[in-house]
Amino acid sequence: DVDKDMMDIEKRELSKSLKYKVIFKNFFCSIIGSFVDINVKEDSILIDINHYKQLINHMSKVHIFIYNTFESDITTCHPIAYILDKAKPNTPINIYINSRGGDISVMSYLISALDNTQARTKTICSSLAASAGALLWSHGKELIAKDTAIIMFHTIQLGLYGHAKFVQKYSDVINQISEKELGYVLQRGLITEDEYKAMLDGKDIYFTGKTLMERLNQNTNGGN
């Protein structure tokens with residue numbers, strides 16, 4: 001997996017140059033932190049969230065790597081949400097998102113955590129952020145995308161079966177979430193009105209990181 005390989009390289013370089021310690025790792029994400037006033041063993045890899053709750057107050061900086069699809073098991077991302085919730089004001093947290101997307105409930109959970117954290121979050125895409133991955137990327141306080149990164153926005157996709165009335169009601173709710181999330185992307189200046197309408201009509205639209213960063217900078221500087 002190209003995305004996973006790239007994240008592994010970035011993670012190793014950070015660990016070497018900044019002497020960070022891996023404090024959590026599963027198939028979905030890795031969390032690397034640097035600490036003050038506490039010793040963490042060089043080979044410390046703590047799998048259980050309860051093992052590192054006591055370390056939160058000692059974190060001076062955190063790097064979170066998301067390198068897989070968002071599975072429907074929301075517990076896979078509890079550590080990310082927990083750190084965002086407990087982080088001290090202005091704690092720098094860099095979130096590297098290279099994901100093809102996935103489950104809507106996990107996406108919503110992480111977006112809520114990003115929107116409500118007091119930390120100084122920076123979301124970074126160096127390879128691919130698509131679907132739910134792209135929407136999550138758009139919620140960082142600061143957005144970074146490498147020039148050659150690929151970012152794809154579209155409406156939330158569904159695969160449903162069952163009673164027709166249930167399917168219709170659920171689809172209506174999902175459409176409302178799609179409109180809200182893509183409206184946020186529009187508000188940040190990442191997409192145009194025409195692109196927003198095309199996405200609501202079912203179109204997938206791909207962007208390079210360079211294009212989105214140029215739009216973001218233009219919007220920040222008051223351009224039209």
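This passage describes a helix pair, a mixed sheet and a buried serine in a predicted model.

Helices α3 and α4 form the helix pair. Helix α3 spans residues 78-86, and helix α4 spans residues 104-116. Their axes lie 9 Å apart and meet at an angle of about 15 degrees. Angles under 35 degrees count as roughly parallel. Helix α3 is therefore roughly parallel to α4. The crossing of α3 past α4 is left-handed. On the α3 side, the contact is made by H78, I80, A81 and L84. On the α4 side, Y109, L110, A113 and L114 take part. The contact residues comprise 7 nonpolar and 1 polar, with no charged residue.

An open sheet of 3 strands follows the order β6-β8-β9. Its pairing is mixed. Strands β6 (128-130) and β9 (205-208) are the edge strands, and each pairs on one side only. Neighbouring strands in this sheet are turned against each other by 15 degrees on average, direction ignored. Strand β8 covers residues 150-153 and pairs with β9 in the antiparallel sense. This pairing runs over 4 bridges. M152 has Y206 of β9 as its bridge partner.

Two helices pack on this sheet. Helix α7 (residues 193-200) touches β8 and β9. The direction of α7 makes about 140 degrees with that of β9. Helix α8 (residues 209-220) also touches β8 and β9. For α8, the angle with the direction of β9 is about 80 degrees.

Strand β7 pairs with another partner. Strand β5 (residues 120-125) and β7 pair in the parallel sense, over 4 bridges. Within this pairing, T123 has L143 of β7 as its bridge partner. Strand β7 has two faces. L143 and A145 lie on the covered face. E142 and I144 lie on the uncovered face.

L143 also links β7 to the buried serine, S138, which touches L143. S138 sits in the loop between α5 (132-137) and β7 (142-145). The relative accessible area of S138 is 0%, so this residue is buried. Besides L143, S138 touches Y184, V185, R188 and L190. These contacts leave out residues up to four places away in sequence. L143 thus appears in three settings: as the bridge partner of T123, on the covered face of β7, and among the residues that S138 touches.

How values were computed:
Residues are numbered from 1 along each chain as its sequence is written. This is a predicted model: local features need pLDDT of at least 70, side-chain atom pairs count only at pLDDT 80 or more; totals for chains, interfaces and linings use all residues. Side-chain values use heavy atoms; hydrogens and water are left out. Axes are lines fitted to C-alpha atoms, for helices over the stretch in contact, and angles run from 0 to 180 degrees between N-to-C directions. Angles under 35 degrees count as roughly parallel, over 145 as roughly antiparallel, 65 to 115 as roughly perpendicular and the rest as oblique. A crossing is left-handed if the near helix is turned anticlockwise from the far one by less than a right angle, and right-handed if clockwise. Contact means heavy atoms within 4.5 Å. Ala, Val, Leu, Ile, Met, Phe, Trp, Tyr, Cys and Pro count as nonpolar, Asp, Glu, Lys and Arg as charged, and the others, Gly among them, as polar. Two strands pair if DSSP finds at least two bridges between them. Buried means under 20% relative accessible area, exposed over 50%, partly exposed in between (1.4 Å probe, protein chains only).
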